[in-house]
Amino acid sequence: MTVVGATRSAELMARAEGLFPGGVNSPVRAFRAVGGTPRVIERGAGPRVWDADGNDLVDYVGSWGAAILGHAHPAVVAAISEAAALGASFGMPTPGELELGEAIRAAVPSIERLRFVSSGTEAVMSAVRLARAATGRPRIVKMAGAYHGHADALLVRAGSSATGLPASAGVTQGTARDTLVVPYNDLAALESVLLAHRGGVAAILVEPVAANMGVVPPRPGYLAGLRRLADRFGALLVFDEVITGFRVARGGAQERYAVRPDLTVLGKIIGGGMPVAAYGGRRELMELVAPLGPVYQAGTLSGNPVGMAAGIATIAELTPPVYARLEEYGQRLEAGVLDAAAEAKARVRVARVASLLTVFFEDDARFGRFFAAMLHAGVHLPPSPYEAWFISAAHRDEELRQTLAAARSAFAVAGGDG
């Protein structure tokens, strides 16, 4: 399809700019990386969304990975409706917490105990605090370019040394000083930092499949190497599986790559589109969390029954045939995009792990043109050159054909390198 002009979306965004910073409630939605006007989405069904101008778009944003079943899946909608009819939140224990918690623990054996929270940022922040308490050490190591939410200690970038410098106004140098930054997929650099700060590093924090700098798979042996280095230097290995959890395998990246972390952070899929996240790990670590231990963390909406119901319904649908279908679609999409790029003599790289995919261009301007052409052809991509495309179980042959037809023309618009 061809998308018509975004008249009503533009009007709504103009109103939004009078209410919200940049007109949005999360920065990437503002389209600053790609130009143009954000589409205001009114509804979704399966692999598609409809904007305020009535345009029907094949969607690869998927609530940034949460909508693994597609939008408005009937089982999830029914579960949310039934739970909401009984009360949206009580601030007290509910049966749904047990059911979802047991489902997560059954899928991710490294999680012996867990705590529900409301966002990935909150979960990572809590896991880092727990790691510091468990080890008595102040510093953490993260990977350059990795995003783990907007907690102060994690909003850092590599400076002239391995010590992080603030990457956001309002983050003090003192806060950033205890966050050390090394390149992803570089065990030698990590070992060097651990040697330089021997006895001072509480945790190695990593997305086991990098997905917030575009999809970057771990090199063979990299995750196992992280495990060895963590053990050697007495640090905890923390996997941020907010994106990869229940996506690259039912048990997440730790199942796919057979590496067991000390602590795991989950989000997105476990809430079925509702604001739910969790952190968990070995029993002796999690028993340091209040009320059993001295590590304080609390949340009024943690474990709310509507979010629990959505997560339970979503995980129940994630059967082996669903994962096989996600993998097959991902393979076909990757091959088709590469073929379309070759036809247009566009020099791109495609990185994919399971149902996560990124098309890397040689420069951001070409991606911007590609993005605009894809949107005009009715394909809704993440509005950034360094984000993952999220495939859902609802994507089928029709969506694949439309996506690849759009890609053939969009690569030509973006400009080739031949």
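This section describes the salt bridges, one enclosed helix, and the internal and open spaces of a predicted model.

Charged side-chain pairs were examined across the structure, and the count comes to 17 salt bridges. One of them joins the side chains of Glu399 and Arg48, with an N to O distance of 3.1 Å. Glu399 belongs to helix α13 (residues 397-414) and Arg48 to strand β2 (residues 48-51), so this pair ties together parts of the chain that are 351 residues apart in sequence. Both partners fall under the 20% limit for burial: Glu399 has a relative accessibility of 5%, and Arg48 has a relative accessible area of 9%.

A further salt bridge is formed between the side chains of Arg256 and Glu327, at 3.8 Å from N to O. This pair, too, links distant parts of the chain, since Arg256 lies in helix α8 (residues 252-256) and Glu327 in helix α11 (residues 320-343), with their positions 71 residues apart in sequence. Arg256 is partly exposed, with 36% relative accessibility. The side chains of Arg283 and Glu287 also meet in a salt bridge, with an N to O distance of 2.8 Å. In this pair Arg283 is partly exposed at 44% relative accessibility, and Glu287 is likewise partly exposed, with a relative accessible area of 30%. Beyond these individual pairs, salt bridges connect Arg227, Asp231, Asp262, Arg282 and Glu284 in a network.

Helix α10 was considered next. This helix comprises 13 residues (305-317), for which a rise of 1.5 Å a residue predicts a span of 18 Å; the C-alpha atoms at its ends are 19 Å apart, in agreement with that expectation. Of the 13 residues of α10, 11 are buried, so the helix is largely enclosed by the rest of the structure. The buried positions are Pro305, Val306, Gly307, Met308, Ala309, Ala310, Gly311, Ile312, Ala313, Thr314 and Ile315. The packing partners of these buried residues are helices α2 (74-86) and α3 (95-107), together with strand β4 (113-117).

Two of the elements that pack against α10, namely α3 and β4, also take part in an open site. The second largest pocket has a volume of about 730 Å³, and α3 and β4 are the elements that contribute two or more residues to its lining. The greatest contribution comes from α3, which supplies 5 residues. In total the lining of this pocket consists of 26 residues, with Glu97, Leu98, Leu114, Arg115 and Phe116 lying nearest the centre. By class, the lining of the second largest pocket contains 11 nonpolar, 8 polar and 7 charged residues.

Enclosed space was also surveyed. A search of the whole structure identifies 3 cavities of 30 Å³ or more, and the largest cavity holds about 50 Å³ of space. Its lining is made up of Gly46, Pro47, Asp59, Gly62, Ala67, Gly70, His71, Arg247, Phe390, Ile391, Ser392 and His395. These lining residues divide into 4 nonpolar, 6 polar and 2 charged.

Note on methods:
Residues numbered from 1 in each chain as written. Predicted model: local features only at pLDDT ≥ 70, side-chain atom pairs only at ≥ 80, totals over all residues. Heavy atoms only, no water. 1 Å grid on protein atoms, 1.4 Å probe; cavity = no way out; pocket = protein on both sides within 12 Å on 5 of 7 lines; lining within 4 Å. Points joined across faces, edges and corners; volume = space filled by probe spheres on them. Nonpolar A, V, L, I, M, F, W, Y, C, P; charged D, E, K, R; others polar. Salt bridge = Lys/Arg side-chain N within 4 Å of Asp/Glu carboxyl O. Helix = DSSP H or I, 4+ residues; strand = E, 2+ residues; numbered from the N terminus. Buried < 20%, exposed > 50% of the residue type's maximum accessible area, 1.4 Å probe, protein only. Expected span 1.5 Å × (residues − 1). Contact = heavy atoms within 4.5 Å.
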